[in-house]
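Biologist: I should like to learn how to read the features of a model such as this one. May we take them in turn?

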Amino acid sequence: MTANTPQIFGLHYSVYTRIVLLALAEKGVTYDFQTVEIFGDSGVPIDHLERHPFGRIPVFQHDGFELYETAAITRYIDEGFKGPALQPSSARARARMNQVINVLD
């Protein structure tokens with residue numbers, strides 16, 4: 001892994017982790033993945049609580065920058081990496097997109 005390679009902490013079966021991985025795939029971004037078992041008998045690993053104060057997944061790290069919350073991560077991926085735009089360009093279309101995402105979530 002290089003400093004510029006994003007690192008994802010999560011579980012492959014998590015819907016929220018999959019959303020982040022899909023955004024990375026659509027942008028053509030190579031990443032490193034680290035499985036973090038937050039549902040095990042021992043609970044959330046202590047080192048993961050340092051990455052996410054609520055112990056949730058996914059967590060995204062890139063070049064010394066760390067994010068949690070899927071919406072924030074996917075917007076960073078869209079705006080921070082080359083590749084096709086993942087969001088509409090107009091304010092109204094982006095607002096509708098966010099509305100639909102929030103209803104489905």
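The dialogue below treats helix packing, a pocket, an aromatic pair and the backbone.

Modeller: Please bear in mind that this is a predicted model.

Biologist: How is the packing of two helices described?

Modeller: The description of two packed helices rests on the angle between their axes and the distance between those axes. Here, the axes of H1 and H3 cross at roughly 5° and come within 10 Å. Angles under 35 degrees count as roughly parallel, and therefore H1 is roughly parallel to H3.

Biologist: Which residues of H1 and H3 make the contact?

Modeller: H1 contributes Tyr16, Ile19, Val20, Ala23, Leu24 and Lys27, while H3 contributes Thr70, Ile73, Thr74, Ile77 and Asp78. Sorted by class, the contact of H1 with H3 has seven nonpolar, two polar and two charged residues.

Biologist: What is the volume of the largest pocket, and which residues are closest to its centre?

Modeller: The largest pocket holds about 710 Å³ of space. It is lined by 27 residues, of which Ile19, Thr70, Ala71, Thr74 and Ile101 are the closest to the centre. Helix H1 (15–27), helix H3 (70–80) and helix H4 (91–104) are the elements that each give two or more residues to this lining. By class, the lining of the largest pocket comprises 14 nonpolar, seven polar and six charged residues.

Biologist: How should a pair of aromatic rings be read?

Modeller: One states the distance of the centres and the angle of the planes. The whole structure contains four aromatic pairs. In the pair of Phe54 and Tyr68, the ring centres are 6.3 Å apart and the planes stand at 85°, so the pair is edge-to-face. Because Phe54 lies in the loop between helix H2 (46–51) and strand S3 (59–62), and Tyr68 in strand S4 (residues 65–68), the pair ties together parts that are 14 residues apart in sequence.

Biologist: Where is the cis peptide bond, and what is the phi of Asp63?

Modeller: The cis peptide bond joins Ile57 and Pro58, with omega at about 0°. Pro58 belongs to the loop between H2 and S3. Asp63, in the loop between S3 and S4, has a phi near 50°, which is a positive value in a residue other than glycine.

Notes
Residues numbered from 1 in each chain as written. Predicted model: local features only at pLDDT ≥ 70, side-chain atom pairs only at ≥ 80, totals over all residues. Heavy atoms only, no water. 1 Å grid on protein atoms, 1.4 Å probe; cavity = no way out; pocket = protein on both sides within 12 Å on 5 of 7 lines; lining within 4 Å. Points joined across faces, edges and corners; volume = space filled by probe spheres on them. Helix = DSSP H or I, 4+ residues; strand = E, 2+ residues; numbered from the N terminus. Nonpolar A, V, L, I, M, F, W, Y, C, P; charged D, E, K, R; others polar. Axes fitted to C-alpha atoms, helices over the stretch in contact; angles between N-to-C directions. Parallel < 35°, antiparallel > 145°, perpendicular 65-115°, else oblique. Contact = heavy atoms within 4.5 Å. Phe/Tyr/Trp six-rings, centres within 6.5 Å; stacked < 30°, edge-to-face > 60°.
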